[in-house]
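Here are a few short exercises to work through with the model open beside you. Try each task before you read its solution.

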Amino acid sequence: MNNFQNLLYSNPDQYVGYGNPNADICFVGKEATGMLPLQCGLGSTNYWMTSLPMFFDRIKTDNPSDPIWKEGHTWNKYQKLFDAIFPENAANPGTMNFEQHVFVTEMSAMPATTTIEGKNTIGFEEQLALRKQRFFAHPYFKDFKVIVLACSDYIVNYGDRREIDSLFDVTFDINGGAHEIGPQNAFWVHHSADGKRMVIHTRQLSGAVSDRLLEEMGTVIRQHLNGYKGIFVNTPTTNKLSIGMSMDECRNIWGNPQDINKTTTSLGETEMWFYGNQKSLVFENGILNLINE
């Protein structure tokens, strides 16, 4: 029994996803905007057990009113990201083909039309925690060469909460792992110890996500799949701080701060660490973003 079959049998009545389960790449969104009951609905465990695989090529003329063709729709962004990864297999205008080469699932199994609606659903936090423990912790997800966690704060990896590290057995690349493209457009790169698996954490790929973000992310993924030997080091090699380091790495170099000021907003948590001689550090969601020396 392969890992995907084992995932199905060990997660009955679960939302599983769409696309090619044998692909090298997995896209993980926040939640589906709608689905049929999990017992028999499209993308459910039982559907995968009783139906043919769902490797769709979509053509706009089949249903031009389908919202997936809108510029800000997540699947439109997924196609643009796929085209950046595999420009030689880019879809023709008015078509989508990423499902042939990517497996797509959701961090939450509760359908919702907006993030606010999803988070306000009764039992949301409990099912999200359980889904991480039972679904995403399955060995199947370590078969992917690349996982893109396009689900923002539905999974976190800062401070003592290292969910990405523990679930996918990876570590943030402290040298060059932070890619700040613009306001609300950034992604963070993690690798397994042997460098063979990459996990990218970013915002939900919809709405105002920029084409530049998708293009740079696609380049990073393409280089990884092509065996690019980029420099990523998960332990400090010098005593000099650099943007993108974790709190623990900064503490190992500068020591404990004299004072800490924390601010929490809808975008996450900001911490300012104050040292003597007016030195300070600013962290965004656990990642070093500013150095004042």
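A strand here is a DSSP run of E with at least two residues, and strands are numbered from the N terminus. With that in hand, Ser 280 can be placed: this residue belongs to strand E15. Keep in mind throughout that the model is predicted.

**Exercise 1. Find out which parts of the model have high or low confidence.**

Step 1. Begin with the whole protein: the mean pLDDT is 86, and 90% of the residues reach 70 or more.

Step 2. Go on to the elements. Strand E6 (residues 146-150) has the highest mean pLDDT, 98, and helix H8 the lowest, 79.

Step 3. Look for weak stretches. Over residues 229-237 pLDDT stays under 50, and the model has 19 contacts beyond four places in sequence for them. Where pLDDT is low, the predicted coordinates should not be read in detail.

**Exercise 2. Work out how the sheet containing E15 is arranged, and which strands stand at its edges.**

Step 1. Write down the order: E13-E14-E15-E16, an open sheet of 4 strands with antiparallel pairing.

Step 2. Count partners. E13 (259-265) and E16 (287-292) each have a single partner strand, so they are the edge strands, and one side of each has no neighbour in the sheet.

Step 3. Check the twist: on average, neighbouring strands of this sheet are turned by 20° against each other, direction ignored.

Step 4. Zoom in on one pair. E13 and E14 (residues 268-274) are joined in the antiparallel sense by 7 bridges. Ile 260 has Trp 273 in E14 as its bridge partner.

Step 5. Add the helix. H8 (residues 247-254) lies across E14, E15 (280-284) and E16, and runs at about 170° to E15.

**Exercise 3. Decide whether Ser 280 is buried or exposed, and list what surrounds this residue.**

Step 1. Compare the accessibility with the cut-off: buried means under 20% relative accessible area. Ser 280 has 5%, so this serine counts as buried.

Step 2. Leave aside neighbours within four places in sequence and collect the contacts. Ser 280 touches Trp 254, Trp 273, Phe 274, Leu 290, Ile 291 and Asn 292.

**Exercise 4. Search for disulfides and then look at the cysteines.**

Step 1. Apply the cut-off, a pair of cysteine sulfur atoms within 2.5 Å. The search of the whole structure gives 0 disulfides.

Step 2. Take Cys 151 as a case: its nearest cysteine sulfur belongs to Cys 26 and is 10 Å away.

Step 3. Check burial. Cys 151 is buried at 0% relative accessible area, and Cys 250 is also buried, with a value of 0%.

Methods:
Residues numbered from 1 in each chain as written. Predicted model: local features only at pLDDT ≥ 70, side-chain atom pairs only at ≥ 80, totals over all residues. Heavy atoms only, no water. Buried < 20%, exposed > 50% of the residue type's maximum accessible area, 1.4 Å probe, protein only. Pairing = 2+ DSSP bridges. Axes fitted to C-alpha atoms, helices over the stretch in contact; angles between N-to-C directions. Contact = heavy atoms within 4.5 Å. pLDDT = per-residue confidence, 0-100.
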